[in-house]
Amino acid sequence: MTQTVRINCMKCRHFYVTWDPKFPKGCKAYGFKTQGLPSQTVLASSGKPCYQFEEKPTKP
Ligand code: SF4
């Protein structure tokens, strides 16, 4: 079965901006940088959705 769930890395506490123009988005949980959303890379390379999503704490 193909997973089509899009996990929103922007809301995840492991997401960060790398400032690397080639790979501007990064995931600290998996430890990689990518061009698109890290969760898409996880899905594409493992065939499974990201299981490390943790919602960012909201600022007071
Ligand atoms: S842990 Fe998952 S949801 Fe969070 S940034 Fe990494 S790939 Fe995205």
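**A ligand, its shell and one helix**

Let me begin with the ligand, whose surroundings in this predicted model are Ile7, Cys9, Cys12, His14, Phe15, Cys27, Ala29, Pro38, Ser39, Cys50, Gln52 and Phe53, where a residue is counted if one of its heavy atoms lies within 4 Å of the molecule. Residues are numbered from 1 along each chain as its sequence is written, and side-chain values use heavy atoms, with hydrogens and water left out. Because the model is predicted, local features need pLDDT of at least 70 and side-chain atom pairs count only at pLDDT 80 or more, while totals for chains, interfaces and linings use all residues.

Sorted by class, the shell around the ligand holds nine nonpolar residues, three polar ones and no charged ones; here Ala, Val, Leu, Ile, Met, Phe, Trp, Tyr, Cys and Pro count as nonpolar, Asp, Glu, Lys and Arg as charged, and the others, Gly among them, as polar.

Now to the helix. Helix α1 covers residues 38–46, and among its residues Pro38, Ser39, Val42 and Leu43 are buried. Buried means under 20% relative accessible area, exposed means over 50%, and partly exposed is in between, with a 1.4 Å probe and protein chains only. Helices are DSSP runs of H or I with at least four residues, strands are runs of E with at least two, and both are numbered from the N terminus.

Why do these buried residues lie on the same side of α1? They cover an arc of only 140° around the axis, which places them on the same side, the arc being that of the directions from the helix axis to the C-beta atoms. An α-helix has 3.6 residues a turn, so residues three or four places apart point the same way. On the other side of α1, Ala44 and Ser45 are exposed. The cover over the buried residues of α1 includes β1 (15–17), β2 (25–27) and β3 (32–34), and just after the helix Gly47 takes a positive phi of about 80°.

One of those strands deserves a closer look, since Gly26 is found in strand β2 and is buried, because its relative accessible area is 0%. Leaving aside neighbours within four places in sequence, Gly26 is in contact, meaning heavy atoms within 4.5 Å, with His14, Phe15, Tyr16, Thr18, Phe32, Lys33 and Pro38.

Let us move to the loop between β1 and β2, where we find Trp19, Pro21 and Phe23. Is Trp19 buried or exposed? At 76% relative accessibility, Trp19 counts as exposed, and although Trp19 is not a glycine, its phi is positive, at about 70°. Most residues other than glycine have a negative phi. Pro21 also counts as exposed, at 76% relative accessibility, whereas Phe23 is partly exposed, with a relative accessible area of 37%. Phe23 and Gln35 are 12 residues apart in sequence, yet their C-alpha atoms are 4.6 Å apart in space, and beyond its neighbours within four places in sequence, Phe23 is in contact with Thr18, Lys33, Thr34 and Gln35.

Finally, please find Glu55 in the segment after α1, where Glu55 counts as exposed at 55% relative accessibility. Which residues does Glu55 contact, leaving aside its neighbours within four places in sequence? They are Lys11 and Arg13, and although Glu55 and Arg13 are 42 residues apart in sequence, they are 5.9 Å apart in space, C-alpha to C-alpha.
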